[in-house]
Amino acid sequence: MQTAIATVSLSGTLDEKLEAIAGAKFTGVEIFENDLLSFNGTPREVRGIVDGLGLRTITFQPFRDFEGMAEPQRTRVFSRAERKFDLMQELGCDLLLVCSNVSPEAQGGIDRAAADFHELGERAAKRGLRVAFEALAWGRHVNDYRDSWEIVRRTDHPAVGLVLDSFHVLVRGTDLRPIRSIPKDRIFLVQIADAPLLDMDYLSWSRHYRCFPGQGELAIGEFMAALQATGFAGLVSLEIFSDRFRAGSARSVAIDGQRSLLFMFDRLRQATGAAVPGIRALPPPSKVAGIEFLEFAMDDASAAPFERFLAGMGFARAGLHRSKDVTRWRQGDINIVVNREKEGFAHSFGIVHGPSVCAMALRVDDAAATVARAVRLLDRPFRQAVGAGELHIPAVRGVGGSLIYFVDDKSELGRLWDVDFAPVADTGGADAGLTRFDHLSQTMYFEEMLTWLLFYTSLFDVQKAPVQDVIDPSGIVQSQAIEAAGDAAVRLVLNASQSRQTMASRFVDDFFGSGVQQIALASDDILRTVGRLTANGIDFLAIPENYYDDLGARSDLDPGRIERLRAANILYDRDGAAEFLHAYTRTLDGGFYFEIVERRGYRGYGAVNAPIRLAAQARLARPRDLPGR
Ligand code: MG
């Protein structure tokens, strides 16, 4: 199969869109009529640009309200079609996409429609052109692909074929099995779009909520499996109407699109066990077994108080980098690396973002294979100079320009801490019972959220949870969790908000971009851990008394236990017999904060308590508390 994308999916002018499409290695492009009309150049000039970029215009679209018209409209739609054919010949495009008629004047009747398409096919064939018929989910008489296929079948003309658009097929919940018996040479074009599951009219759903495959919740895999059963090996094209995508840069959205198709083909190959024609297999999705370390970019002024904080949190200084001004702090299986170099990646990152998480390292089964898969998925690998004898840790770019390093046990990377770091006599805090990273929350611009969702889900063997809406005092924050498949050994939460004043939006505004805002660490005994940290002088976020009064009213927890939670500012949630206890530190310079988490069989993130936490944080975040960066 070959990949294409419709110009309507991207922002910018037609020439900008075409450059982005070529840059993302697509073979073909669907030219959307409005993009041509608004372009300051002739169709022949567009053809020159398309050819010059090594692209091919696979279709011109859309041609609306065609079939089933009575006279005199019927004559008019045919002369309108002839004008489109003229334009297509100038563009160097041989396929006109015809959407099913939505006009109230359209007459029903499959044979009437077939007769119209037969005549259109005759006219197109005279010019060496073709037409393809697409059933819109909201078409007046034809809104089901089985009907559009029946019309194409009865038309019985070599210049007339079918368009299958996954959105129109899947949102109606149509049976996918009949796709398998459509002859592959009658399918002229396959359009792919995913979408979240919503309860709204098909037209609004389509116009505003389409997204790339894998970013939504439609059964794209089943659709593709049915298509593959036909033996279809032609063009698969992305047609995405999305306000979000048009707010993003054409270049990065086009790359997301290509990545989504490569990922879709990869999953298809895994699901069916059959090679996808024309698509080279990717290395398998990388299994993530844990977060090996989190690296903070700091300058001398910010590093000193942060390291005092780490000591208060029970971390011990466990190693000094052999050639760099980098310190390893450790507690349980948690490694925190403080980088105060005066040059290099972390330093540059710190200049832009201030004190912040500049990198995370994931423990994977095969670091080299992970990077190989990332490169094939058009992710951006990263390399920097290392000292003599030190390890080159493979990495790709992550959220906000940060890095994601990969370490494994099968290579010398398993000896990272011994090779790159010299041990120091233990100094710092006494262990406070923190055992491992529970999860990291990355806050990002709303427009980026689907990009990073696709990045993580395509590269790693992970599962996504449903999107949750969290109530911030100043608006809604969308929250999406991603967890390592099976054991949730790594948990990441993506947060973004469209409201300018939420904590999430203020974080990306105040700290110049997206990044890690919350670091959740696990304890087996949160009461004991919080007690020790409080004794060490760590400030916890004060939770209002009302919360505990309400907890007493709505739960059967005994009053003594509620009193202990209240005294320690610990929040509580329960799911069946599973319990979740969590507490938050005050926000540190840099805008990030730590959460202490105790899970007793609980799988979620305490979303029910998020409004309480966000309101408590908002009370503290007066302007004077915000750094002047
Ligand atoms: Mg379509």
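**View 1. The magnesium ion and its protein donors.** In this predicted model, the magnesium ion has as its protein donors Glu-134 (OE), Asp-165 (OD), Gln-191 (OE1) and Glu-239 (OE), which lie 2.1 to 2.2 Å from the ion. Along the chain, these donors follow the spacing E-x30-D-x25-Q-x47-E. Glu-134 belongs to strand E5 (residues 130–134) and Asp-165 to strand E6 (residues 160–165), so this pair ties together parts of the chain that are 31 residues apart in sequence. Glu-134 is buried, its relative accessible area being 2%, and Asp-165 is likewise buried, with a relative accessible area of 2%.

**View 2. Helix H11 beside helix H16.** The axes of helix H11 (residues 250–272) and helix H16 (residues 449–459) come within 10 Å of each other and cross at roughly 30 degrees. Angles under 35 degrees count as roughly parallel, and H11 and H16 are therefore described as roughly parallel to each other. The crossing of H11 and H16 is left-handed, and the contact is made by Asp-256, Arg-259, Ser-260 and Phe-263 from H11 together with Thr-451, Leu-454, Thr-457 and Ser-458 from H16.

**View 3. The covered helix H16.** Helix H16 is mostly covered, for eleven of its eleven residues are buried. The buried residues of H16 include the aromatic-named positions Trp-452, Phe-455 and Tyr-456, and among them are also Met-449, Leu-450, Leu-453 and Leu-459. Thr-451, Leu-454, Thr-457 and Ser-458 of H16 are buried as well, and these residues take part in the contact with H11.

**View 4. Helix H20, its ends and its surroundings.** Within helix H20 (residues 559–568), the buried residues are Arg-561, Ile-562, Leu-565, Arg-566 and Ala-568. These buried residues pack against two helices and three strands, namely helix H18 (526–535), helix H19 (545–554), strand E25 (571–575), strand E26 (578–584) and strand E27 (593–600). The N-terminal end of H20 is capped by Asp-558, a side-chain oxygen of which lies 2.9 Å from the backbone nitrogen of Gly-560. After H20 comes Asn-569, a residue with a positive phi, near 55 degrees.

**View 5. Helix H19 passing helix H20.** The axes of H19 and H20 come within 10 Å and cross at roughly 160 degrees. Angles over 145 degrees count as roughly antiparallel, and H19 and H20 are therefore roughly antiparallel to each other. H19 passes H20 in a right-handed crossing, where the contact is made by Glu-545, Tyr-548, Asp-549, Leu-551 and Gly-552 of H19 and by Ile-562, Leu-565 and Arg-566 of H20. Ile-562, Leu-565 and Arg-566 are also among the buried residues of H20.

**View 6. Ser-441 in strand E19.** Ser-441 is found in strand E19 (residues 434–443), and with a relative accessibility of 4% this serine counts as buried. When its neighbours within four places in sequence are left aside, Ser-441 is in contact with Val-493, Asn-495, Gly-515, Val-516, Gln-517 and Gln-518.

**View 7. Ala-369 and Pro-283.** Ala-369 has its place in helix H14 (residues 367–376) and is partly exposed, with a relative accessible area of 24%. Although Ala-369 and Pro-283 are 86 residues apart in sequence, their C-alpha atoms are 6.5 Å apart in space.

Definitions and conventions: Residues numbered from 1 in each chain as written. Predicted model: local features only at pLDDT ≥ 70, side-chain atom pairs only at ≥ 80, totals over all residues. Heavy atoms only, no water. Buried < 20%, exposed > 50% of the residue type's maximum accessible area, 1.4 Å probe, protein only. Helix = DSSP H or I, 4+ residues; strand = E, 2+ residues; numbered from the N terminus. Contact = heavy atoms within 4.5 Å. Polar contact = N/O pair within 3.5 Å; in protein donor to acceptor, adjacent residues only side chain to side chain. Donors = N, O, S within 2.8 Å, 3.2 Å for Na, K, Ca; no water. Axes fitted to C-alpha atoms, helices over the stretch in contact; angles between N-to-C directions. Parallel < 35°, antiparallel > 145°, perpendicular 65-115°, else oblique. Left-handed = near helix turned anticlockwise from the far one by under 90°.
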